[in-house]
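Open the structure in your viewer and keep the sequence panel beside it. The stops below say what to select and what is there.

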Amino acid sequence: MGSAMNELDWKLYSALRPVAHERMCIRIMEEVERTVLDKSLAPYERIEASEERLKAGQQELYWAFGVFSHSRSEAPAHLLGLCTHELITSEELAGFSEETRAWIEECLAHREIHGIEDLEAE
């Protein structure tokens, strides 16, 4: 998808971006909560582990959102990233144009075939 998104896809992407961000924050916080409440760990270990999880979560948020400006040119790549992180549901994806959906499905299939690791992984 070399070109920028069409108007309808752009509007849908713009509406879904904050929803996906919220989902990721909730996911991270649930993991932190699980760590905080894990009675199998000593209290200081829980403090350390939850701090590490929060730091990692902030990194993930940055790579999932911070590196992408809210622009039409970056929208396709960002939407693909959100789908890769499972932050967009299949129902939500169904709202996009055939062209956008086909491109995303092709990219996701390509990733699975080649087992490409996330680019942001160290």
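**First stop: two helices that cross**

α1 and α3 are oblique to each other. The model is a predicted one. To see the crossing, select residues 7–36 for helix α1 and residues 75–84 for helix α3; their axes come within 11 Å and cross at roughly 45°. An angle from 35 to 65 degrees falls in the oblique class, and therefore this pair is called oblique. The crossing of α1 past α3 is left-handed.

Next, show the side chains where the two helices touch. On α1, select Trp10, Tyr13, Arg17 and Ala20; on α3, select Ala75, His78, Leu79 and Leu82. Coloured by class, the residues of this contact are 6 nonpolar, 1 polar and 1 charged.

**Second stop: α3 and its surroundings**

Stay on α3 and show the surface of the rest. Is α3 largely enclosed or not? Of its 10 residues, 8 are buried, so α3 is largely enclosed by the rest of the structure. Select Ala75, Pro76, His78, Leu79, Leu80, Gly81, Leu82 and Cys83 to see the buried ones. Then step just past the end of α3 to Glu86, which has a positive phi of about 55°.

**Third stop: α1 against α2**

Keep α1 and add α2, residues 43–66. The axes of α1 and α2 are 9 Å apart, at an angle of about 165°. That angle makes the two helices roughly antiparallel. Their crossing is right-handed.

To view this contact, select residues on both sides. The α1 side includes Arg17, Ala20, Met24, Ile28 and Val32, and the α2 side includes Arg46, Arg53, Leu54, Leu61 and Phe65. By class, the whole contact of α1 with α2 has 12 nonpolar, 4 polar and 5 charged residues.

**Last stop: the nonpolar core**

In soluble globular proteins, nonpolar side chains tend to be buried together. Which residues touch the most other members of the largest nonpolar core here? Select Phe65 and Ile88: among the 22 residues of that core, these two do. At least two core residues come from each of α1, α2, α3 and α5, the last of which spans residues 98–114. α1 gives the most, with 7 residues.

Finish by centring the view on Ile88. Leaving aside residues up to four places away in sequence, Ile88 touches Leu16, Ala20, Arg23, Leu79, Leu82, Cys83 and Leu93. Ala20 also belongs to the contact of α1 with α3 and to that of α1 with α2.

Conventions: Residues are numbered from 1 along each chain as its sequence is written. This is a predicted model: local features need pLDDT of at least 70, side-chain atom pairs count only at pLDDT 80 or more; totals for chains, interfaces and linings use all residues. Side-chain values use heavy atoms; hydrogens and water are left out. Axes are lines fitted to C-alpha atoms, for helices over the stretch in contact, and angles run from 0 to 180 degrees between N-to-C directions. Helices (H or I, at least four residues) and strands (E, at least two) are DSSP runs, numbered from the N terminus. Angles under 35 degrees count as roughly parallel, over 145 as roughly antiparallel, 65 to 115 as roughly perpendicular and the rest as oblique. A crossing is left-handed if the near helix is turned anticlockwise from the far one by less than a right angle, and right-handed if clockwise. Contact means heavy atoms within 4.5 Å. Ala, Val, Leu, Ile, Met, Phe, Trp, Tyr, Cys and Pro count as nonpolar, Asp, Glu, Lys and Arg as charged, and the others, Gly among them, as polar. A nonpolar core is a set of buried Ala, Val, Leu, Ile, Met, Phe, Trp, Tyr and Cys residues joined through side-chain atoms within 4.5 Å. Buried means under 20% relative accessible area, exposed over 50%, partly exposed in between (1.4 Å probe, protein chains only).
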